[in-house]
Amino acid sequence: MTQTVRGVVARGKGAPVEVTDIVVPDPGPGEAVVRVQACGVCHTDLHYREGGINDEFPFLLGHEAAGIVEQVGEGVTDVAPGDFVVLNWRAVCGACRACLKGKPWYCFNTHNAAQPMTLADGTPLSPALGIGAFAEKTLVHAGQCTKVDPQASPAVAGLLGCGVMAGFGAAVNTGNVGRGDSVAVIGCGGVGSAAVAGARTAGATTIIAVDIDPRKLEWARGLGATHTVDASSEDAVARVQELTGGFGADVVIDAVGRPETWKQAFYARDLAGTVVLVGVPTPDMRVDLPLIDFFSRGGALKSSWYGDCLPSRDFPYMIDLYRQGRLDLDAFVTETIALDQVEDAFAKMHHGDVLRSVVVF
């Protein structure tokens, strides 16, 4: 038995997305069907549409989502029909070398649904990040469903599924920001602003937001930045050093992912500071750095993939912070939209007009 629902599909590189019928099979062993309530429009979806991830078209886009479990397959015990869940793309296996070392956030064998969703003519769809949630319903591995407090709004809970978790985790999990630390965040879109919020939650006392867009700097200030630097008119490295007693920040987070911004992060950190790269570079990007500059500094250079999160640990925790008024997830939702407005949302995101557009069903 299958269900036919509406979903957003990218059929070819750079082509506008379209809303069309998709076929969702009943869940098999270890799988779940989720009725999607809300899904954020993430830059990764645009990467898929542009062919920047791979060329396995057609794609069923959307991955930053929350909803209600509707059906589960054989052997599923962790979630049940009626559960309110945030979808994640790091369903840990529990058996790979990372999991066995007690570091499941590095899991090298994460799970996805085994069955494909298809177009009405039977063409298999490639779900974005193994989720495909710009749809009324989606089929995922049950391990991709993380139960959270159902009192949370789906529009904000779903943001934990990617962008907010990536930024928050870059500060808290990867950067290990602690009480009294100084932190600089380069690039203050959705991910960077979430890093600012994470740094504040972790107890940083100096939080410096760096961007070239005054709107984004204002968003970052609202989420906890104590200082802002307009890199279009100021030397970002010199300004970060000035704001940290001439030393540089304890943790510098690059939420852009370009060679120029990574080098700024490298030189804006303290001698024993940490650089965290959470912005996603393209495969052709390179960094040229004098090796002596690396040698003469201690600290660490890290990359952060999905905020080094463990969904079962981090999602409920962040929802609790939200409900306690300690993490303003509402601030990330710039607008709510309908399914047929995703293409317009891509344009707004590309021009920096929103932190997040969220499709609400």
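**Helix α10, the nonpolar cores and the largest pocket**

In this predicted model, helix α10 comprises the 13 residues 311-323, for which a rise of 1.5 Å a residue gives an expected span of 18 Å; the C-alpha atoms at its two ends lie 18 Å apart, in agreement with that expectation. Within α10, the buried residues are Pro311, Asp314, Phe315, Met318, Ile319, Leu321 and Tyr322. Viewed down the axis of α10, these buried residues fall within an arc of 155° and therefore line one face of the helix. The elements covering them include the strands β6 (84-87) and β10 (145-147), together with the helices α3 (154-157), α4 (163-174) and α5 (190-202). Glycine 325, which follows α10, has a positive phi, near 80°.

In soluble globular proteins, nonpolar side chains tend to be buried together. In the present model, the largest nonpolar core contains 88 residues, and those with the most contacts inside this core are Leu87, Phe134, Ile253 and Leu329. A second core, separate from the largest, consists of 17 residues, among them Ile186, Leu243, Val275 and Leu277.

The largest pocket has a volume of about 1600 Å³. Its lining is formed by 50 residues, of which His43, Ala255, Val256, Gly279 and Val280 are the closest to the pocket centre. Two or more lining residues are contributed by each of α1 (43-49), α4, α5, β12 (206-211), α8 (259-268) and α11 (342-350). Helix α1 provides the largest share of the lining, with four residues. Helices α4 and α5 thus appear in two settings: among the elements that cover the buried residues of α10, and among those that contribute to the lining of the largest pocket.

Notes
Residues numbered from 1 in each chain as written. Predicted model: local features only at pLDDT ≥ 70, side-chain atom pairs only at ≥ 80, totals over all residues. Heavy atoms only, no water. Expected span 1.5 Å × (residues − 1). Buried < 20%, exposed > 50% of the residue type's maximum accessible area, 1.4 Å probe, protein only. Arc of directions from axis to C-beta. Contact = heavy atoms within 4.5 Å. Core = buried A, V, L, I, M, F, W, Y, C linked by side-chain atoms within 4.5 Å. 1 Å grid on protein atoms, 1.4 Å probe; cavity = no way out; pocket = protein on both sides within 12 Å on 5 of 7 lines; lining within 4 Å. Points joined across faces, edges and corners; volume = space filled by probe spheres on them.
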